[in-house]
Amino acid sequence: MLCYCWDIKIEMNKKALAILMRARMRPNDPSKLALSPLSNEVNQMVSNSQGNQADANVARLASGDGNGKLSKQRSFEVVRESMHSAISMNKTDVLDSVLDDFSEGYLSLSFENRKKLLLTLAKEYDLNRTQVRELIQQYLGLPLPGGNETRTGVVEDEGFLSTFYRIERNLRHYLKPVYENLFERLNTHPGGLKFLTILRADILSILAEENIASLRALDSYLKEKLSTWLSPAALELQQITWDDPASLLEKIVAYEAVHPISNLIDLKRRLGVGRRCFGYFHSAIPGEPLIFIEVALLKYVAQTIQEVLWDRPPIPESEATCALFYSISSTQPGLAGINLGKFLIKRVITLVKRDMPHISVFATLSPIPGFMQWLRSKLASQTKLAEADNISRSSTDRSGLTFYENVLEPEEERALLDSSGDLAAGKNGMEIMLNLLTPTNHEWTNSAKLLSASEPPLMRLCARYLLQEKKRGKALDSVANFHLQNGAMVQRINWMADRSEKGLRQSAGIMVNYVYRPENIEEYAHSYFSTGHIHSSYDVRRYIQPLTENESSTD
């Protein structure tokens, strides 16, 4: 063990020092975490810190030296005028300098002025609805072609239809907002794609605070454009290794969103033997992955994150049978909602199968970021209902209480009542569980008796949350929804799999294994997308009964 660590330390060269100095790493420093639409895991999807990370990106891009010093602020009117020129100018020989002037000016603005400018863009450079309305009226005024034309009328029909074609062409033109011109020009401009992701990150930050219809329409249009420009065909999959430039490795440290990289030894371990890191890159944003995934090569599907992050030394790669995806992180908050992870996972599976045919299992060890929030809300609401209706633990007739549900089984409630001691008081099991799970010190995890009493109800309720709790027919948990829509199945839930503060806060330490079966990925993704059908193993299904029509058990 000492030799293994010493070998790593010896190999820390000037590049390692550069990473350390540039990233200024601190263990579990939340300021270093990225967002992952994924999120939260891919983001984790989108978190409350999105605006802060977006601002950090803006500062980093705006400064030429990467030290976060913004250029001198320009007045709002000057930047507004440069935006207008960038949209309307037709002189291609000076367009690049105009786009540079606008992007630099935008990045120099305060957040309030950026918001003001984005609202101006959304409202004043929207589509011309007067012209659209006139064209629609013209279109509705045309008589439809007859259905019984003769051959002699072919020429006349073609002339008559040309009016339809002309109005339809004009409609397509005028249904495009004026700001599309800005987006299109920036996309082909050096540095423009990166700038557009920053622009959208600002839009998302504003919309998180205030629902503005015009700005939401702007966001929807920009998201659609980015989705097209960032199609899989435009992205390059690359393996990230310790030999890559320090500037790239610094970004891996800064943007790791699921399990923070605590130091250089941790980083080298994640890029070393028995581990892989792959990223999606775009030629317009060189040296920076848009999203990256970390993989552990193991003999079996890991049940705890501790064994993935801290197992030393790793097994020989030739003995591995499982590729475990344990972290997916997005580096661009402005790409939230664009599912790059779906294509990334599929391509990594294909690549690993090609290079290591002995790998037969592809699984994840994933967080469950919404479980505790859902459970505490459920316990709090049911406890209030119990108090309002004066329901005692010994009550027998609850048939009239339509919304009341005791989420605990009788034996689970008895075990909690017998084990809680002085840590949590309560009139019933639900109140005790709520009082145990609410404090941020997670003191209940230090009691073997409470851990034993809490495991059955928490595991059962976690299975229910993953398989039965839905939003618009899809899994309520963001990470679950991400993997299920990508064609995975729920294989196993793991008790005390992540004992970090974050893991206990989000999911009481429980993590879940999703499994990707290459031969079933498309089938599972289609059934989930079309009907909300969730595939799961018997090990998960046994926690909840009875079976429902919208779920299946897959061994």
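## A tour of the helices and cores

Begin by selecting helix α4 in this predicted model: the buried residues of α4 pack against three other helices, namely α5 (92–108), α6 (111–124) and α9 (180–187). To see which residues of α4 are involved on the buried side, highlight Phe76, Val79, Ser82, Met83, Ser85, Ala86 and Ile87, each of which is buried. While α4 (residues 76–88) is on screen, check its length as well: at 1.5 Å a residue, its 13 residues should span 18 Å, and because the end C-alpha atoms are 18 Å apart, the expectation and the model agree.

Keep α6 displayed and add helix α11 (residues 213–229), whose axis comes within 9 Å of that of α6, the two crossing at roughly 85°; α6 and α11 are therefore roughly perpendicular to each other. At this crossing, Leu118, Leu119, Leu121, Ala122 and Lys123 of α6 meet Ser214, Leu215 and Leu218 of α11.

Next, centre the view on Leu215. Leaving aside its neighbours within four places in sequence, leucine 215 is in contact with Leu118, Leu119 and Ala122, and also with Ile203, Ile206 and Leu207. Leu215 also belongs to the largest nonpolar core, which has 113 residues, and it is among the members that touch the most other members, together with Phe102, Phe183, Phe371, Leu375, Trp444 and Leu458. Which helix gives the most to this core? Select helix α19 (residues 448–467), which contributes 11 residues. A second, separate core of 17 residues can be found by selecting Tyr326, Ala497, Met511 and Tyr524, which are included in it.

From Tyr524, move to the pair formed by helix α20 (residues 478–485) and helix α22 (residues 521–531), which pack at an angle of about 125° with their axes 8 Å apart. Angles outside the parallel, antiparallel and perpendicular ranges count as oblique, and α20 and α22 are therefore oblique to each other. The contact is made by Asn481, Leu484 and Gln485 on the α20 side and by Tyr524, Ala525 and Tyr528 on the α22 side.

Finish at helix α18 (residues 429–437), where 8 of the 9 residues are buried, so that the helix is largely enclosed by the rest of the structure. The buried residues to colour are Gly429, Met430, Glu431, Ile432, Met433, Leu434, Leu436 and Leu437. At the start of α18, show the side chain of asparagine 428, an oxygen of which reaches to within 3.2 Å of the backbone nitrogen of methionine 430.

Key
Residues are numbered from 1 along each chain as its sequence is written. This is a predicted model: local features need pLDDT of at least 70, side-chain atom pairs count only at pLDDT 80 or more; totals for chains, interfaces and linings use all residues. Side-chain values use heavy atoms; hydrogens and water are left out. A nonpolar core is a set of buried Ala, Val, Leu, Ile, Met, Phe, Trp, Tyr and Cys residues joined through side-chain atoms within 4.5 Å. Buried means under 20% relative accessible area, exposed over 50%, partly exposed in between (1.4 Å probe, protein chains only). Helices (H or I, at least four residues) and strands (E, at least two) are DSSP runs, numbered from the N terminus. Contact means heavy atoms within 4.5 Å. A polar contact is a pair of N or O atoms within 3.5 Å; within protein, one must be able to donate a hydrogen and the other to accept it, and residues adjacent in sequence count only if both atoms are side-chain atoms. The expected span of a helix is 1.5 Å times one less than its number of residues. Axes are lines fitted to C-alpha atoms, for helices over the stretch in contact, and angles run from 0 to 180 degrees between N-to-C directions. Angles under 35 degrees count as roughly parallel, over 145 as roughly antiparallel, 65 to 115 as roughly perpendicular and the rest as oblique.
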